[in-house]
Every structure is written in C-alpha cells, then in structure tokens.
Amino acid sequence: MKTFKNFIAGQWVEPSTGEYFENRNPADTSDVIGQFPRSGREDVERAIASAKRGFELWRRTPAPQRGDVLRRAGDLLVARKEEIADLMTREMGKPLTETRGDVQEGIDTAYYAATEGRRLFGHTVPSELRAKWAMSYRRPIGVAGIITPFNFPLAIPTWKIFPALLCGNAVIFKPAEDVPHTGTVFVEILLEAGVPPEVVQLVHGFGETVGAAIVEHPEVPLISFTGSTATGSLVGETCGRMHKRLSLEMGGKNAQIVLDDADLELALEGVLWGAFGTTGQRCTATSRLILQTAVHDEFVRLLTDRVRALKLGDGRQAGTDVGPLINEAALEKVGCYMDIGRSEGADLVIGGQRARGGALDKGFFFDPTIFTGVAAGSRLEQEEIFGPVLSVIRVDTPDEAFRVNNDVKYGLSSSLYTRDVNLAFRALADLDTGITYINAPTIGAEAHLPFGGVKQTGNGHREGGWEVYDFYSETKVGYVDFSGTLQRAQIDTYLGTPD
Ligand code: NAD
C-alpha cells in the first residue's frame, strides 16, 4: 500500500504519531488508494512554527510576483487536469465530468488571483487638513488555517489558499480525511509553481485532532472553514473566544421553485442536475422542489421517469450519471432520513434504499430518491441530508413558494423557474439566500463572483470573486502630514482663512 506524508517545514515527513488512516474508493471499497498520516498536535505545532518563518519571507514578496506564482499553479492544473480529475473521482466518487469541472474551478480561481496581484487596491482619500495625505492599503495577516470538506476536494482549497497566498499570508492546510490524495497533489503543484516551501504546510488527519489544533492555536490569527454547520459552530466558538478572524461556509437546504408558467422541460433538466449531481452532496444541491399546484402532478410524473433512467455507478466509467456517497456514515445518515420521511407521512415515489446488484455492491451507492407530500416545517423539509434525496412541497401561489423557501435555518442558494419577469426580480429581492438563480438550477456558481450564504449557512464572509481578498488582508490607514506644523484633526479648521 502506498504511504503518503505530510508537508511540514519544507519537507515531506511522516507524522509524529507514526499512525496512518486508509483512503478507499467509495465506488469500490476493495480499492485502497493509500494510507495517509493520522497526525497529532505536535505536527501542527511544527507546521505553524515553520509557517511563521514562511510568512516573514512571503509577506515581503511583491504582490504581482506572488500572483505570477499562482498563474504558474493555474498552468500546472491545466496540464494535469485529466490526471487530477481521475484521482479525485477515484477518491470521492463523483463522475469525471464533475471532477473535471472541479479542477477547472481551481484553474479559474488561480488566474483570477494572479491578476489580483496587480490590483489589491486601497484608496487615496482627501484629507480634511491641508498638506496632508490620507490613504488606506492592504496588509497580509499571518498564518491562515484552512480546513476543507470532501465534496470539492480541489476547488474549495483553491478558493481559500489562492487568495490567502496572493494577499501574502502563509498557509496551514488540513484537507478532509476522505480526500487527502487530491490535497496532496494540490500542495505538490503549489510547490512546483514556486510557492516557497515554508509558506505552505500540509497536515493530514482527523478534524477533532488536527483541525481543532489549528483552530485553537494562538499563532493562527485567521481560519477559513467549509463544512457542516455543526462543525462550524464548534470552530466558531473557539475563534470567538480567541478573537480570530473567521470565514464560515456551511450547510444548505436549497430549493428549486417551479411556477405554473415555467418552461417545464428546462425546469426538469435543472432539478435533475441540481438534486442528483454530485449524488446530492453539494452545499448548493437542490434538496427541496417547490411546485405550484397546476404543474405539480405532471412535473412529478416526468421527473420520476427521468430519475428512473439515471445510471448509478463508478464515476470513472463512461455513462455514469450518479456516483456513490462518500462513506458508510453518509449511507447510514441518508438511510435514516427514509424512516424520518415515512414517519412524517411523506410519500416515497422512487428510490428510498441502498442501491444493490453487481458492481454496486462494492460501494456506497444509494438510489436517487423522491418524496412527495412533504410538509413545510417537517424534518425532511428542514434538515440537510447531503444525499440524493429530493423533497417535493406543493404550494398554491408564488407568495407561498417564497415563504416556504425562506422558512429554513439555512440560506445558501435558491432557484426560480418562471417566465414572469416581475416575479423573477421579486425572487432576487425576497429570497433569503446568498445566491438566487432564475431559470437555472441551484448549482453553478462562477469563480469570479462572491459565493456564500446567509443565516446559518455562513457568517457574512464570501469566497470567490473580489470580496474574498478583504478576508485575507487587513486594511491599514496611513496619514502623511507634509505641512511642517501640528494640524489637529476635527479641531483645526481653515474655513475662510487660508494662508
Ligand atoms: P465536516 O464538517 O464533517 O468536515 C469539514 C472539515 O472539518 C473536515 O476537514 C473535518 O476533518 C474538519 N473538522 C471536523 N471536526 C472538526 C473540529 N472539531 N475542528 C476543526 N475541524 C474539524 O463536513 P463534510 O462532511 O466534510 O462536508 C459536508 C458539509 O460541508 C455539508 O454540510 C455541506 O453543506 C458543507 N459545505 C458547505 C459549502 C459552502 O460553501 N457553504 C461547500 C461545501 C460543503
């Protein structure tokens, strides 16, 4: 079995614990990818001490040069796109078309970051006093702790690490324990692109040890976390107590609304992709379908036929539509929601069980599932399931649809299918989510726009686009008084009495 290492203090090293965990292919659990370090606190300590040295070097490297390094990282991702897509599908299961998209998102993020190295704008502002300049500018912060989930093994780390590096920070990166291989290859690429060795540290291991050690470390002033709302709350408690800068991107319970006047064929394509792409394991996955009465029955019938035709299987095989769930625990969790749905009186239309037969027996496959008659406010309708499970809610009016959409604790993404331009713009104004799509599914964010959610999906920060650079840099203000005299702000005024 291949044994992988951490990257700490400029070297590929074994964990101080001497312990490892296995990484297996969720489509075929007999396929072992390798064993990865089950690191401990000592590894995190060493990595942070090194990252602090790396920071002192990197913060002084001009931002355009930092950008050039990231451009090379983008070029390397282009060159290795197919290989990375393949190893990503092998370790987490989504089909190759999707893992290629995951790599492409990393490429787009790299090229955006590269150009940002020549912007990183501050402001020059008129002073209220004569012979004085006032300006704001951006400074790096220090060692950034980066903790990521399994579902976008490359894209999400790039959303965080590229802007963190571009702004001049050093990075300690802990990938999710289900996707350590992609994380390792990403760090190899950063090093090959020219990121100085001590500027990036990779520490594999479990969240409750390695993740917690990073979050609790006093010399990591900023933390960027993407994962479940439950874990995010733990991270948030610690960061609040320690006054750390924290970006949280967490769970979702996203809805697609289809109104009576919608283009049904378009809406069908949208919900199939939104609900069952990535086996429903996207933070933006469509997990609720809100149907207006006149289209309800017809739409459910058409959708059920389309879902029946979806092909489950190994994402590396041509023709596969839906891959496996990530692990045994996910399979169990999704299974539990079948019982919850039935006990709440929802009607199971299709799916509802572990997928069996032939090669499917080797992996964590679950049949794409639809419940109808789901009551607004029920657990099935409110809780993030993170699997191929769609809950259908019937509504009478657009107002009711908007209310149902908003009445959950999450607020990441929403989607409305209608031909009514007024309703389309009302949705943009009134749906309580960080992103609203009109006539497009709940998934499909682009790398150069801010990404994130409201309510318990996030804590107000955004990834992607221009906003993320504010998170990874500190605003500082400089005043230069060249009058040669003491001028007192708010006290000395010159109205009507110039020299
Ligand atoms: P998770 O919360 O189980 O794990 C996320 C990361 O946190 C992993 O690296 C894990 O090891 C680490 N971790 C676990 N416990 C920790 C602790 N006590 N301290 C520090 N780190 C800890 O999430 P997951 O199952 O990998 O991912 C699925 C979740 O992520 C879903 O809820 C999904 O909605 C969310 N997600 C959100 C976004 C977004 O942008 N809003 C994007 C993708 C996924």
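Biologist: In this predicted model, how many nonpolar, polar and charged residues make up the lining of the largest cavity?

Modeller: The lining of the largest cavity mixes the classes, with 6 nonpolar residues beside 6 polar ones. That lining is made of 15 residues, and its charged class holds 3. By class, then, the counts asked for are 6 nonpolar, 6 polar and 3 charged.

Biologist: Which lining residues lie nearest the centre of the largest cavity, and how much space lies in that cavity?

Modeller: The structure holds 5 cavities of 30 Å³ or more, and the one in question is the largest of them. Of the 15 residues that line the largest cavity, those nearest its centre are G280, R282, A285, S287 and F386. The space in this largest cavity is about 90 Å³.

Biologist: Which elements give two or more residues to the lining of the second largest cavity?

Modeller: The second largest cavity has a volume of about 50 Å³, and its lining consists of T109, Y112, W159, P163, A447, G464, G465, V468 and Y469. The elements that contribute two or more residues to this lining are helix 4 (96-116), helix 5 (155-166) and helix 15 (468-471).

Biologist: How many charged residues does the lining of the second largest cavity have?

Modeller: Tyr counts as nonpolar and Gly as polar in this classification, and both Y112 and G464 are among the residues of that lining. By class the lining has 6 nonpolar and 3 polar residues. The number of charged residues in the lining of the second largest cavity is therefore none, given that only Asp, Glu, Lys and Arg count as charged.

Biologist: Why is one side of strand 5 and of strand 21 left without a neighbour in the sheet?

Modeller: The sheet is open, with 3 strands in the order 5-6-21 and antiparallel pairing. Strand 5 (123-126) and strand 21 (474-481) each have a single partner strand, so one side of each is left without a neighbour, and the reason is their position at the edges.

Biologist: By what angle are neighbouring strands of this sheet turned against each other on average, and which residue is the bridge partner of H123 in strand 6?

Modeller: With direction ignored, the average turn between neighbouring strands of the sheet is 25°. Strand 5 and strand 6 (residues 132-139) run antiparallel and are joined by 4 bridges. The bridge partner of H123 in strand 6 is S136.

Biologist: Through how many residues does a hairpin join strand 3 to strand 4?

Modeller: Strand 3 (residues 20-25) and strand 4 (residues 28-37) run antiparallel, with 6 bridges joining them. One of the bridge pairs places F21 opposite F36 of strand 4. The hairpin between strand 3 and strand 4 passes through 2 residues.

Key:
Residues are numbered from 1 along each chain as its sequence is written. This is a predicted model: local features need pLDDT of at least 70, side-chain atom pairs count only at pLDDT 80 or more; totals for chains, interfaces and linings use all residues. Side-chain values use heavy atoms; hydrogens and water are left out. On a 1 Å grid over the protein atoms alone, a cavity is a set of points where a 1.4 Å probe fits but cannot get out, and a pocket is an open set with protein on both sides within 12 Å along at least five of seven lines; lining residues have an atom within 4 Å of a point. Grid points are joined across faces, edges and corners, and a volume is the space filled by probe spheres set on the points. Two strands pair if DSSP finds at least two bridges between them. Axes are lines fitted to C-alpha atoms, for helices over the stretch in contact, and angles run from 0 to 180 degrees between N-to-C directions.
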